[in-house]
Amino acid sequence: MRLVILDNYDLASEWAAKYICNRIIQFRPGQDRYFTLGLPTGSTPLGCYKKLIEYHKNGDLSFKYVKTFNMDEYVDLQAECDAFEKKIKEAGGIDLFVGGIGPDGHIAFNEPGSSLVSRTRLKTLAMDTILANAKYFDGDLSKVPTMALTVGVGTVMDAREVMILITGAHKAFALYKAIEEGVNHMWTVSAFQQHPRTIFVCDEDATLELRVKTVKYFKGLMHVHNKLVDPLYSMKEGN
């Protein structure tokens, strides 16, 4: 497990975007060779997404979006979830899953108490998540969905690599639960302690609940972590 600590949100977002860019280019994707990137929606990775779009526009990175869930009201939602799992398998699996977490440590919409081997499914949202999403509905709670389709914890665990972005003091306790305590289904992000290739990217504010020794240890590894993003490769250069 890696923990990459940057000074602030913008630097954390930039580091994450550079890492993703380099991983894709080093993979050497081609016409029949795809790098599958899992990108769930969420506010935490937004800065990272914007940076990836910037690389795309500059020609440093090339990608295309693939539609995932069909949310038409007449769709059989369980069949849609099963079809999504099938799409992942047909694509050869997810190479790198990138996501953020909620203050309660949920990954994607795997709320506290979710099974750590769960697959893509319909999930009832916790009130904290509904309140957090109200900003996307003009603050009107009556308009916020109370259920959502989500990849499962087990689905994400099957990815070859997982990157989780955690920023802000309001998520500091979740980061503490994620890396300094044991695996617990009430903090679903903690499951990734057991993934062979997990990388947490955070800012200083998110480390406020961590032990001083933990922070010093991982900061001492930044010279190693920075080699993963420097130099920044570009598809224009044919790397």
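**Entry 1: Arg 160 and its partner**

I started with Arg 160, which forms a salt bridge with Asp 95, the closest N and O atoms being 2.9 Å apart. I use the term for a side-chain nitrogen of Lys or Arg within 4 Å of a carboxyl oxygen of Asp or Glu. The pair links distant parts of the chain, with Arg 160 in the loop between α5 and β6 and Asp 95 in the loop between α3 (77-90) and β3 (96-100), 65 residues apart. Helix and strand names here follow DSSP runs (H or I of at least four residues for helices, E of at least two for strands), numbered from the N terminus.

Before going on, I noted that this is a predicted model, where local features need pLDDT of at least 70 and side-chain atom pairs count only at pLDDT 80 or more, while totals for chains, interfaces and linings use all residues. Residues are numbered from 1 along each chain as its sequence is written, and side-chain values use heavy atoms, with hydrogens and water left out.

Next I looked up accessibility, taking buried as under 20% relative accessible area, exposed as over 50% and partly exposed as in between (1.4 Å probe, protein chains only). Arg 160 is partly exposed at 43%, whereas Asp 95 is buried at 7%.

**Entry 2: Glu 161 and two arginines**

Which residues are linked with Glu 161 in a network of salt bridges? I found Arg 23 and Arg 197 there. Glu 161 and Arg 23 meet at 2.7 Å, N to O. Glu 161 lies in the loop between α5 (153-157) and β6 (162-166) and Arg 23 in helix α1 (residues 9-27), so this salt bridge ties together parts that are 138 residues apart in sequence. For Glu 161 and Arg 197, the N to O value is 3.6 Å. That second pair also links distant parts of the chain: Arg 197 sits in the loop between α6 and β7 (198-203), 36 residues from Glu 161.

I checked how covered each member is. Glu 161 is buried at 2% relative accessibility, and Arg 23 is buried too, at 17%. Arg 197 counts as partly exposed at 41%. My count of salt bridges comes to 9.

**Entry 3: the sheet**

I turned to the strands and found an open sheet of 5, in the order β1-β7-β6-β3-β2, with parallel pairing. Two strands pair if DSSP finds at least two bridges between them. β1 and β2 (37-38) stand at the edges with a single partner strand each, so one side of each is left without a neighbour in the sheet. Inside the order, β6 and β7 pair in the parallel sense over 5 bridges, and Leu 165 stands opposite Val 201 in β7.

**Entry 4: the nonpolar cores**

I define a nonpolar core as a set of buried Ala, Val, Leu, Ile, Met, Phe, Trp, Tyr and Cys residues joined through side-chain atoms within 4.5 Å. The largest has 31 residues, and those with the most contacts inside it include Leu 3, Phe 97, Ile 164 and Phe 200. β1, α3, α5, β6, α6, β7 and α7 are the elements that give two or more residues to this core. Which element gives the most? α6 does, with 5 residues.

I followed Phe 200 further, with contact meaning heavy atoms within 4.5 Å. Leaving aside neighbours within four places in sequence, Phe 200 is in contact with residues including Met 1, Leu 3, Ile 166, Leu 175 and Phe 192. Apart from the largest core lies another, of 18 residues, among them Ala 12, Trp 15, Met 222 and Val 229.

**Entry 5: the two sides of α7**

Which residues of helix α7 (residues 212-219) are buried? I get Thr 214, Val 215 and Phe 218. They cover an arc of only 95° around the axis (taken from the directions from the helix axis to the C-beta atoms), which puts them on the same side of α7. On the other side, Val 212, Lys 213, Lys 216 and Tyr 217 are exposed. The buried residues of α7 pack against β1 (2-6), α6 (172-179) and α8 (222-225).

**Entry 6: cysteines and totals**

I looked for disulfides (cysteine sulfur pairs within 2.5 Å) and the count is 0. Cys 21 is buried at 0% relative accessible area, and Cys 202 is buried at 0% as well.

For the whole chain, I noted 8 helices and 7 strands. Buried residues make up 47% of its 239 residues. Among contacts between residues at least 6 apart in sequence, 76% join residues at least 24 apart.
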